[in-house]
Amino acid sequence: MAEFLEEHRWEPAEVRAGLLDQEPASTGDERWDVFLAALTEHLAAKDGRGAPPWVETRSLRRFWFPFNTRAARVDAVVHAPAAFRRRGVYVSAQELNVA
């Protein structure tokens, strides 16, 4: 995921849009599938675009903290981007930054 985020960051905006359009195959873990949908919506919003339609069907019924330490949970509750919060995935925006 870190590699994708780094590559995405350096692509021109018109190329970035195409990187998010196609629904990825399932990871085999619903939580990570929802994480990918939230990440896609988050990245599209940063570029001032709407998310592709495939992200709308993905959300969790129970909250999930991918980085599950006490400090990470507190930070995520306070700073999780909206695309993640509305799907029940709590991750700090800082965790999404890549070198």
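A residue counts as partly exposed when its relative accessible area falls between the buried limit of under 20% and the exposed limit of over 50%, and threonine 27, at 44% relative accessibility, therefore belongs to the partly exposed class. The structure described here is a predicted model. The protein contains 5 helices and 0 strands, so that, read along the sequence, it follows the pattern α-α-α-α-α. Helix 3, which covers residues 30–46, is treated at some length below, together with four individual residues.

**Overall form**

- For a chain of 99 residues, a compact globule would be expected to have a radius of gyration near 13 Å, and the protein agrees with this expectation because its own value is 13 Å.
- Taken along the principal axes, the C-alpha atoms of the protein fill a box of roughly 40 × 30 × 25 Å.
- Among contacts between residues at least 6 apart in sequence, 63% join residues that are at least 24 apart.

**Surface, burial and charge**

- Of the 99 residues of the protein, 38% count as buried.
- The accessible surface comes to about 6300 Å², and carbon and sulfur atoms account for 52% of that area.
- The protein carries 13 positive and 15 negative charges, and the mean positions of these two sets are 9 Å apart.

**Helix 3**

- The 17 residues of helix 3 should span 24 Å at 1.5 Å a residue, and the model agrees with this, because the C-alpha atoms at the ends of the helix are 24 Å apart.
- The buried residues of helix 3 are Asp33, Val34, Phe35, Ala37, Ala38, Leu39, Thr40, Glu41, His42, Leu43 and Ala44.
- These buried residues pack against helix 1 (2–10), helix 2 (13–21) and helix 5 (82–85).
- Just after helix 3, glycine 48 takes a positive phi of about 75°.

**Threonine 40, within helix 3**

- Threonine 40 is found in helix 3, and its relative accessible area of 8% is under the 20% limit, so this residue counts as buried.
- When its neighbours within four places in sequence are left aside, threonine 40 is in contact with Leu20, Pro52, Trp54 and Val55.

**Alanine 51, in the loop after helix 3**

- Alanine 51 lies in the loop between helix 3 and helix 4 (70–79), and it counts as partly exposed because its relative accessibility is 28%.
- Leaving aside neighbours within four places in sequence, alanine 51 is in contact with Glu41 and Ala44, both of which are listed among the buried residues of helix 3.
- The C-alpha atoms of alanine 51 and leucine 39, which stand 12 residues apart along the chain, are separated by 9.8 Å.

**Threonine 27, in the loop before helix 3**

- The place of threonine 27 is in the loop between helix 2 and helix 3.
- Once its neighbours within four places in sequence are set aside, threonine 27 is in contact with Trp32, Asp33 and Leu36, and of these contacts Asp33 is one of the buried residues of helix 3.

**Methionine 1, at the start of the chain**

- Methionine 1 lies in the segment before helix 1, and with a relative accessible area of 43% this residue is partly exposed.
- Not counting residues up to four places away in sequence, methionine 1 touches Trp32, Phe35, Leu36 and Leu39, and among these Phe35 and Leu39 are buried in helix 3.
- The C-alpha atoms of methionine 1 and leucine 36 are separated by 9.2 Å, although the two residues are 35 residues apart along the chain.

Notes:
Residues are numbered from 1 along each chain as its sequence is written. This is a predicted model: local features need pLDDT of at least 70, side-chain atom pairs count only at pLDDT 80 or more; totals for chains, interfaces and linings use all residues. Side-chain values use heavy atoms; hydrogens and water are left out. Helices (H or I, at least four residues) and strands (E, at least two) are DSSP runs, numbered from the N terminus. The expected span of a helix is 1.5 Å times one less than its number of residues. Buried means under 20% relative accessible area, exposed over 50%, partly exposed in between (1.4 Å probe, protein chains only). Contact means heavy atoms within 4.5 Å. The radius of gyration is taken over C-alpha atoms; the globule rule is 2.2 Å times the number of residues to the power 0.38. Accessible areas come from the Shrake-Rupley method with a 1.4 Å probe; for residues, only the protein chains shown count as cover. Lys and Arg count as positive and Asp and Glu as negative; His and the chain ends are not counted. The place of a charge is taken as NZ of Lys, CZ of Arg, CG of Asp or CD of Glu.
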